[in-house]
Amino acid sequence: MEFVSACLQRIENLDPQLNAFITVAAESAAEAARTAEAEIEHGKWRGFLHGVPLAVKDFYDTAGIRTTAGAEQFRDRVPNVDAAAVRRLKDAGAIIVGKTNMHALGMGTTGLQSAFGPVKNPWNPDYIAGGSSSGSAAAVASGMCCATLDTDAIGSCRLPAACCGVVGFKGTYSLIETSGILGGEQPPSDEILWLSHAGVMARKVEDVAHVLDALVGSTSFVDGLNQEAIPRIGAANNLAADTEVLEAFEQAVETIGALGYPVTGAAAPLTELGKGVRNIERDREAVADRRFGHIDLLLLPTAPNTTPPIKEAENNPLAMSAEYTMFANYFGSPAISVPCGFDRRGLPLGLQIVGRPWDDQSVLQVAHRYQSASACIERRPVP
């Protein structure tokens, strides 16, 4: 109960400046926290997430709590049924403290266009928080919740995670059920259906793994974080990125090599996407042979550029480039963004780790070991 109360108090103190939440579910969260406390006291512990305050991107339906997708036409929309992933989190005992702000309908990477106002970056409010899961990244980075449930269609979870200095993970396509995203509204296009993945954000890879286990109904991801497997790693060598991005990336590659992983150069498949999704099933079947024949994991920056200021991004909904993230959606590959340093303005930068489809465990394991060896986790944007 005290944990949830502390997060609700933090939301009250910080959200007026960051605008990370569209709806704060203070009453229902407090009631759920009291129930969780009583269950735990009576020996009915449901697992690691029992009583833990989480938030949900406002794309996912939540019974009795409005779900708007940041869009004016859904401002007063209140679903009666939880999305499948939300139900799994509740069944695991998680406490939903609110619905996070987002780029309207997930159609941008800045988080500036929302019917409920723009999200501000907790490291510097003059800069974007990324998108479309902008509110989630700001909420996790500033300690308003422990983790969030998100979506990722072209990098919508990983890009804001990089901008705000947190961990953003999307699993292999269909690993996490995505039914109940604006359920009952106009069906999404085939392209969105094929590219959209569920995502999770948290400050630590270990916390992402705990949420993932609850979402898929296992304990394998947490248990596998310290496995002794040594995957072969390729560091992207065909990058055209900002100098500061490349310097942080090179340092991250050096750190990972020092952990004992064999690292070689490899080309990231940045331009190998088919036209639309016509050949996507065939391409997904071939990706392991074509791009992961001599490596198991690929390293590259999460974005080619540093986080842009709001003044430069306000008229461009795709100002945060998805050039380095979208291929993982097309190929259905697991991918994670982990903080790997800071630019000269003190804003976070992200390292991306991408694996072959269904090798989510190796992605999480290397990310966990890298984060444990990095000092980035010690820095926070607000006290």
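Is Asp-296 buried or exposed? In this predicted model, Asp-296 has a relative accessibility of 16%, and because anything under 20% is called buried, Asp-296 counts as buried. Its charged side chain has a partner, however: Asp-296 and Arg-356 meet in a salt bridge, with 3.4 Å from N to O. The two residues come from distant parts of the chain, 60 residues apart. Asp-296 belongs to the loop between helix H10 (280–291) and S9, while Arg-356 belongs to the loop between S11 and H13. Unlike a buried residue, Arg-356 counts as partly exposed, at 22% relative accessibility.

A good place to continue is helix H9, which runs over residues 243–258. Its 16 residues, at 1.5 Å a residue, should span 22 Å, and the C-alpha atoms at its ends are 23 Å apart, so expectation and model agree.

Which residues of H9 are buried? They are Val-245, Ala-248, Phe-249, Ala-252, Val-253, Thr-255 and Ile-256. Around the helix axis these residues cover an arc of only 160 degrees, which means that they lie on the same side of H9. A general point about helices helps to picture this. An α-helix has 3.6 residues a turn, so residues three or four places apart point the same way. The other side of H9 carries exposed residues, namely Thr-243, Glu-247, Glu-250, Glu-254 and Ala-258.

What covers the buried residues of H9? The cover includes five strands, S7 (233–236), S8 (263–266), S9 (297–301), S10 (335–342) and S11 (348–355), together with helix H13 (360–373). After H9 comes Gly-260, whose phi is positive, near 105 degrees.

Helix H9 also takes part in a salt bridge. Arg-344 pairs with Glu-244, and the closest N and O atoms are 3.6 Å apart. This pair, too, links distant parts of the chain: Glu-244 sits in helix H9 and Arg-344 in the loop between S10 and S11, 100 residues apart. How accessible are the two partners? Arg-344 is exposed, with a relative accessible area of 70%, whereas Glu-244 counts as partly exposed at 23%.

How many salt bridges does the structure hold? There are 13. Another of them joins the side chains of Glu-39 and Arg-46, at 2.9 Å from N to O. Within this pair, Arg-46 is partly exposed, with a relative accessible area of 41%. Salt bridges can also share partners, and in this way Asp-82, Arg-87, Lys-90 and Asp-91 are joined into one network.

Aromatic rings add further contacts to the picture. The structure holds three aromatic pairs. One of them is formed by Tyr-330 and Phe-331, whose ring centres are 5.4 Å apart. The angle between their planes is 80 degrees, and because planes over 60 degrees apart count as edge-to-face, this pair is edge-to-face. Tyr-330 is buried, with a relative accessible area of 2%, and Phe-331 is buried as well, also at 2%.

Rings meet charges in this model too. The charged end of Arg-75 sits over the ring of Phe-116, 4.6 Å from the ring centre. In a second case, Arg-284 lies over the face of Tyr-173, at 4.3 Å from the centre of that ring.

Notes:
Residues are numbered from 1 along each chain as its sequence is written. Side-chain values use heavy atoms; hydrogens and water are left out. Helices (H or I, at least four residues) and strands (E, at least two) are DSSP runs, numbered from the N terminus. The expected span of a helix is 1.5 Å times one less than its number of residues. Buried means under 20% relative accessible area, exposed over 50%, partly exposed in between (1.4 Å probe, protein chains only). The arc is that of the directions from the helix axis to the C-beta atoms. Contact means heavy atoms within 4.5 Å. Rings of Phe, Tyr and Trp (its six-membered ring) pair if their centres lie within 6.5 Å; planes under 30 degrees apart count as stacked, over 60 as edge-to-face and the rest as tilted. A charge sits over a ring if NZ of Lys or CZ of Arg is within 6 Å of the ring centre and within 35 degrees of the ring normal. A salt bridge is a side-chain nitrogen of Lys or Arg within 4 Å of a carboxyl oxygen of Asp or Glu.
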